[in-house]
Amino acid sequence: MEPFDREGSVDRPRSAGAKQSGRVIVIGPYLRMRRGDADAQANEAVRDFEGRLEEATGLARAIDLTIADALIAPVTQIRPATYLGKGKVEEITGLIAGHDIELVVMDCALSPIQQRNLEKAWNTKVLDRTGLILEIFGRRAKTKEGALQVELAHLNYQRSRLVRSWTHLERQRGGFGFMGGPGETQIEADRRLIGDRITRLENELKKVQATRRLHRAGRQRVPYRVVALVGYTNAGKSTLFNRLTRADVQAADMLFATLDPTLRALSLPHGGKAMLSDTVGFISNLPTQLVAAFRATLEEVLEADIILHVRDISHEDAEAQERDVDAVLRQLGIDPDAGARILEVWNKIDRFDPEERENLRNIAARRPPERPCFLVSAASGEGIDALLTAIEDRLAATRTTLDLSIDASDGAGISWLHRNAEVLNKELRDGRFDMTVRVDETKRDIVVSRFDAVPRVA
């Protein structure tokens with residue numbers, strides 16, 4: 001997104017296809033673990049430095065940045081002023097001059113002071129991991145709701161940078177952009193404009209939340225259950241979504257290829273229906289501003305009957321990615337160990353040879369019953385039928401199957417049953433419909449008392 005202009009107006013975000021000029025260097029300033037940090041290594045989603053740097057360069061390429069160089073800069077202690085040590089800062093200064101660099105991406109979270117000092121030392125713009133992810137989201141949001149949520153996250157992040165970023169008004173950052181040049185020089189005017197814009201966005205997002213609540217209430221009146229896809233970015237969620245629903249949501253081998261939430265009908269093996277929700281991909285160190293801003297969208301996950309945790313099981317950091325997703329779910333108030341509600345989907349098994357697949361199946365078979373996993377290939381369709389059956393069985397486990405007989409002339413009652421229950425069978429005999437329906441526990445007593453229904457004997 002662009003900064004405020006001199007008159008204080010907000011420019012619209014750049015298009016997703018806009019190309020960046022200049023060259024970029026990506027730096028991985030990763031903290032070395034000390035001997036006493038063995039417990040931290042065991043509990044945290046620890047990745048090797050090369051894998052983390054590769055992900056950072058993938059993020060930079062996701063917004064069409066030209067990568068001139070990428071390097072790991074291990075640190076033993078984070079410096080309050082510059083994050084990196086003095087010697088490393090000077091070394092990178094030479095690299096920047098030699099490569100004609102216009103932007104440095106630091107794969108870490110920088111404080112405003114650290115960002116300012118590095119920009120002064122390197123005489124170029126510096127973007128940290130949070131800013132880079134926000135920039136990607138700004139490019140990818142296509143719906144009004146997505147744009148509102150991203151802009152709110154941008155502004156909340158940039159407000160702290162505006163206050164302390166420069167002591168010199170002529171170099172003051174303006175607005176909520178990261179990639180543009182100097183903005184409005186009147187710091188108080190910028191702070192007021194950003195504050196006013198944040199208030200307007202929050203009010204608009206309250207309307208979005210109200211609309212989503214109405215949509216959910218409408219779905220609850222119709223017997224459609226909700227199944228939500230979650231997972232690390234580029235785990236194959238959108239490809240799986242397309243495979244399950246025959247939709248055409250954009251799917252690409254790219255970090256955050258899709259951003260805006262999508263709902264489609266999901267046909268189950270025995271004729272039942274559910275709603276499948278594709279959500280934004282998660283990533284390690286996902287900015288808290290984004291989790292907060294996307295709360296309205298992620299409420300679909302909170303309200304889902306089943307959560308499918310899609311994992312790229314072929315990725316070398318699959319286990320670390322799993323822990324990252326679990327951490328975000330906990331931020332949303334969802335226990336990833338909740339068992340019955342969450343199904344793990346090990347995607348991309350087509351990338352393994354037969355022997356490796358058999359090994360994965362053996363591992364999956366040894367999992368506890370409360371934490372099952374399903375091996376699938378969203379690209380080829382392998383394992384999809386078994387996954388659909390598991391979804392149907394899991395949804396049915398929380399519902400009661402009832403038999404009843406209703407007069408064929410009772411149109412209102414028949415219509416009510418079709419709206420509030422899943423009709424499994426319906427046969428006309430001697431002027432009456434013999435029906436088998438499946439209902440939620442919340443509506444079981446209503447059906448039993450109104451239609452004299454009886455539970456089906458297994």
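Is Tyr-30 buried or exposed? With a relative accessibility of 0%, Tyr-30 counts as buried, where buried means under 20% relative accessible area, exposed means over 50%, and partly exposed covers what lies in between (1.4 Å probe, protein chains only). The model behind this value is a predicted one, in which local features need pLDDT of at least 70 and side-chain atom pairs count only at pLDDT 80 or more, while totals for chains, interfaces and linings use all residues. Residues are numbered from 1 along each chain as its sequence is written, and side-chain values rest on heavy atoms, with hydrogens and water left out.

Tyr-30 also brings in the aromatic pairs, of which the structure holds two. Rings of Phe, Tyr and Trp (for Trp, the six-membered ring) pair if their centres lie within 6.5 Å; planes under 30 degrees apart count as stacked, those over 60 as edge-to-face, and the rest as tilted. The ring centres of Tyr-30 and Phe-49 are 5.3 Å apart and the planes stand at 40°, so this pair is tilted. Tyr-30 sits in the loop between S1 and helix H1 (38-43), and Phe-49 belongs to helix H2 (residues 49-61), so the contact ties together parts that are 19 residues apart in sequence. Helices (H or I, at least four residues) and strands (E, at least two) are DSSP runs here, numbered from the N terminus. Unlike buried Tyr-30, Phe-49 is partly exposed, at a relative accessible area of 22%.

The other pair is made by Trp-416 and Phe-451, again tilted, with 6.0 Å from centre to centre and 40° between the planes. Distant parts of the chain are linked this way: Trp-416 is in helix H14 (residues 411-420) and Phe-451 in helix H15 (residues 441-451), 35 residues apart. Trp-416 counts as buried at 14% relative accessibility, and so does Phe-451 at 7%. Another ring, that of Phe-433, has Lys-426 over its face, at 4.7 Å from the ring centre. For such a charge to sit over a ring, NZ of Lys or CZ of Arg must be within 6 Å of the ring centre and within 35 degrees of the ring normal.

Now for the sheets. Four strands, in the order S2-S1-S3-S4, make up an open sheet with parallel pairing; two strands pair if DSSP finds at least two bridges between them. Strand S2 (67-72) and strand S4 (125-128) are the edge strands, each pairing on one side only. Neighbouring strands are turned by 20° against each other on average, direction ignored. Axes are lines fitted to C-alpha atoms, for helices over the stretch in contact, and angles run from 0 to 180 degrees between N-to-C directions.

Within this sheet, S1 is mostly covered, with five of its six residues buried. Five bridges join S1 to S3 in parallel, and another five connect S1 and S2, also in the parallel sense. Val-26 takes part on both sides: it stands opposite Val-105 in S3, and its bridge partner in S2 is Ala-70. Further along, strand S3 (residues 101-106) runs parallel to S4, with four bridges joining them; here Leu-103 has Lys-125 of S4 as its bridge partner. Helix H4 (residues 112-122) packs on the sheet, touching strand S1 (23-28), S3 and S4, and its direction makes about 145° with that of S4. Contact means heavy atoms within 4.5 Å. Helix H5 (residues 129-140) lies across S3 and S4, at about 85° to S4.

A six-stranded open sheet follows the order S6-S7-S5-S8-S9-S10, and its pairing is mixed. Strand S6 (262-267) and strand S10 (373-375) stand at the edges with a single partner strand each, so one side of each has no neighbour in the sheet. From one strand to the next the twist averages 25°. Strand S5 (residues 225-231) and strand S7 (residues 273-278) run parallel, joined by five bridges, and Ala-228 stands opposite Ser-277 in S7. Helix H11 (residues 318-331) packs on this sheet, touching S5, strand S8 (306-312) and strand S9 (342-347), its direction at about 150° to that of S8. Helix H12 (residues 354-365) packs there as well, touching S9 and S10, and makes about 165° with the direction of S10.
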